[in-house]
Amino acid sequence: MSDLRKPPDPQAPHLPADALPVPVETGPAATGAAAVEADAGGAAEPGGPSPVGRLTATVERLRREVRAAQAEADGRALIELAKGILVERLRCGPAQAARQLAELAGQAGVTPLEFAVDVINQAARDRLSEVTAAFLAATAADARPAEPADGHSSAVRLRAAESGALAAHDTQAVADSLLEHALTPLGAEAVAIWALGTDGSLALAGTAGFPAAEAGRWRHVPPGVTTVARRGLAERTGHWIRSLAETGMPSIGQHQHPEGGRVAVPAGTGGRIHGVLEIAWPTPLDPPPPPVVRQIEQIEALAELCAHTLESYARHHPDGADNARVLPDVTELMDLADGLHDPALVLVPVLDVDGELADFRIHHVNSRFLDPAGRPRGVVNGALLLETYPVAAGHSELFERIERVHATGEPYRAHRMRLTALVDEVPLAAVADINISRHGSCVLLVWRIEDETARLASLLQHAQRLGRIGGFEENLLTAEITWNGQLYELYGRPVSDVPVALEDLAAHAHPDDAVAIGRFLRTLLHHRRAASTSFRLQRPDGVTRHIRVVAEPVLDSDGQLYVVRGAYQDISAQHWTEVALAATRDQLAHTEQEASERNRLTLQLQHAIMPPAQTLAIPGLDLAVRYRPAETQHLVGGDWYDAVVLPSRMVLLCVGDVAGHGIDAATSMVVLRNALRGLAVTGAGPAQLLSWLNMVTHHLTGSVTATAVCGLYDPDRHTLRWARAGHLPPVLVRGGEAEPLPLVRGLLLGAVPEAEYQEHEVQLAVDDTLLMYTDGLIERRDRSVEESLAQLLKAARTVPPALDQQVDRLLTHSRSDTDDDTCVVGIRVAP
């Protein structure tokens, strides 16, 4: 492949001019020049164009001729290269190869230049030929019949860009060639080639399309600065940006076209990244232009061309690419590893047949090397990394980290990474701190396996810090006292101060705690038993802390006390929490006592007004009333009932429910019950009584609402006139069947100032039973009202001989689970 990429011989014969495509100037430059010439001519005198116009036209004509000559030279170089390939393969002379090339191009229906590119691609079999073939296939599938040569012209541009890049003497010439031959046809306006330094910095190696002043400002980008080019290093497939202004990331030429799109592609070979190819478009890339989408692999191939050039750039520009650092060779890196106190491995990249990174070989292990699986150095030294540590490519991501450090040069450090080795298919794991760095083309891997003793000591130190505990040891024979750093912090003293002896503890405590400290010291020093106590420490800074001290004596072989060791703990937060809890408990106890007394008085009032059971003696009518209060005494409800014989010998029957619980609901219930009893004396019907009661409810303070059923029973006619206000209708039990009475119209009490209610009359027969109840009898959280009412009707069909038994049975078999009050009023027509 190297002989195919040599620059063409200047003495080689040229093809006729008609054998090469003549470029037509259709870009912005041509349009702008024509406009300048027209303006100049328009401003001239009628006798002819002005001198400025002639000069502009001459400059533009010369520019087109130069571009045409450059295109012709590029095309001629490719044709001469194809002729050389035919000479080698056909074993013929140059003239016969030229004729053969022209004949084959004519038979294929393409120009000799396009056919020459096909010959080069078939002979090269490289990355560029694969990209060209893929692009030609995509173009052939999408192209219209009128444009058959678009793909071939792109292939020509790609090979021309490669020829110019390989013939270029520096990266600046490479940038010019890429922009002119490959990127301008894609709509790009500028290109920048960045060289990656070993410290992670970026140096501007070449630009095209950007102003010279802008390139000077971006000559060097320090490590860690997030730019478009650095973002391209993080993604192997490149970083595509729709609009530079939307990302807010800085980059070269950001003020030239802020809304334009950017592409940053890493330039690397053999698994190592040497830099970044950054391309700028004047317009956003959403959606990307179709040529850009089809030539993504072409841009990646161009980035590979830049990588080959950046390798030589790094050798000739150490100040810009590597921060004036001389890269050590393998021998020097081995000496560096041997001087480290931690286990270290020198890794050399291993490439596959395609030149891609496949693995790393462990070229050297230092004398401090400690294998996690306990294998000797000789087994590990010289082996492949993935063969020695196959789990490194798994969840630990160790191999991926090493690969990235080798590619970008950015060092990597990790704390407490798990290293796993397979020994006889048994995974053996260890925890270590990892340090990975690149030195030249090699990688240095350093790890420090965590020592169990150091880990436990660190764990103990953290536990003491979190628990605010300080340890001490006092030698009673030598008077030597040892404190740890946490204990100095508890005492509020610098570490240079003399520690406080146990005998002097009372002098640093609150005077009221002297007795407790004395008892603690007698138990510890005289009785020689472990002891503990709590006291208030008065620190030098004026802060008082609540401290708990625990200590134990240490006896020598003769049974004499010579050392006392123990710990202090700051329990100030616990002390104040206990104080706050004690105050809260006292307040809660007082509140509970007040609430209990209030509920007791409320229940007494409620029971005095509504006894749990009541039986009235009414001729021709059996009547039974039951009231069941809420199971929780704190839920004093507003359910009420009434059954009284009026002066007109009519019987008033009613049940109701005031919304809410507590003393307010009970008070409102008493008001409504007494009001209805007083209004009933007027002789008005149930509908009128509920209308008046609604006005009473509406004008009560506290926005009270309630439901009620009101009925007037005529013992002479055995009829019941009734009305409802948002309440469930009564249930009529007759002949073993139970059905609710019709649902007459009636709004709940207190909702509006004035409301009208509808009455209904029902004729009762002997042994008929009528049940009036509140919703506490049937309400369930998991069922609808209809389902609960159906269950009540089923239970009501069973009619015991006595009415009291029937009402008690309904309360017993009630499946309500809302813990609400319940009122039931039952009447049965006697024979």
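What follows is a walk through a predicted model, from the whole chain down to one cavity, one helix pair and a few loop residues.

Starting with the overall picture, the chain runs to 831 residues, and 44% of them count as buried. Its secondary structure adds up to 25 helices and 27 strands. Looking at contacts with a separation of 6 or more, 59% are between residues 24 or more positions apart.

Next comes the inside of the protein. Searching the whole structure for cavities of 30 Å³ or more turns up just 1. The space in this largest cavity comes to about 130 Å³. Its lining takes in Leu 777, Ile 778 and Arg 780, then Ser 788, Gln 791, Leu 792 and Ala 795, and finally Leu 810, His 813, Ser 814, Arg 815 and Ser 816. Sorted by class, that lining is a mix of 5 nonpolar, 5 polar and 2 charged residues. Helix α24, spanning residues 785–796, is the top contributor, with 4 residues in the lining.

Helix α24 also has a packing partner. Two packed helices can be described by the angle between their axes and by how far apart those axes are. For α24 and helix α25 (residues 803–812), the angle is about 145° and the axes sit 10 Å apart. The crossing of α24 past α25 is right-handed. On the α24 side, the contact is made by Leu 792, Ala 795 and Ala 796, and these meet Gln 806, Arg 809 and Leu 810 of α25. That gives a contact with 4 nonpolar, 1 polar and 1 charged residues. Some names turn up twice here: Leu 792, Ala 795 and Leu 810 belong to the helix contact and also help line the cavity.

A few loop residues round things off. Most residues other than glycine have a negative phi. Ala 479 goes the other way, with a positive phi near 65°. This alanine is in the loop between β12 (469–475) and β13 (481–483). Because its relative accessible area is 60%, Ala 479 counts as exposed. Arg 649, not a glycine either, has a positive phi of about 70°. The loop holding Arg 649 connects β19 (637–645) with β20 (651–661).

Gly 355 is in another loop, the one between β7 (344–351) and β8 (357–365). With a relative accessible area of 24%, Gly 355 is partly exposed, since the cut-off for buried is under 20%. Its C-alpha atom is 7.4 Å from that of Thr 269, although the two residues are 86 apart along the chain.

Key
Residues are numbered from 1 along each chain as its sequence is written. This is a predicted model: local features need pLDDT of at least 70, side-chain atom pairs count only at pLDDT 80 or more; totals for chains, interfaces and linings use all residues. Side-chain values use heavy atoms; hydrogens and water are left out. On a 1 Å grid over the protein atoms alone, a cavity is a set of points where a 1.4 Å probe fits but cannot get out, and a pocket is an open set with protein on both sides within 12 Å along at least five of seven lines; lining residues have an atom within 4 Å of a point. Grid points are joined across faces, edges and corners, and a volume is the space filled by probe spheres set on the points. Helices (H or I, at least four residues) and strands (E, at least two) are DSSP runs, numbered from the N terminus. Ala, Val, Leu, Ile, Met, Phe, Trp, Tyr, Cys and Pro count as nonpolar, Asp, Glu, Lys and Arg as charged, and the others, Gly among them, as polar. Axes are lines fitted to C-alpha atoms, for helices over the stretch in contact, and angles run from 0 to 180 degrees between N-to-C directions. A crossing is left-handed if the near helix is turned anticlockwise from the far one by less than a right angle, and right-handed if clockwise. Contact means heavy atoms within 4.5 Å. Buried means under 20% relative accessible area, exposed over 50%, partly exposed in between (1.4 Å probe, protein chains only).
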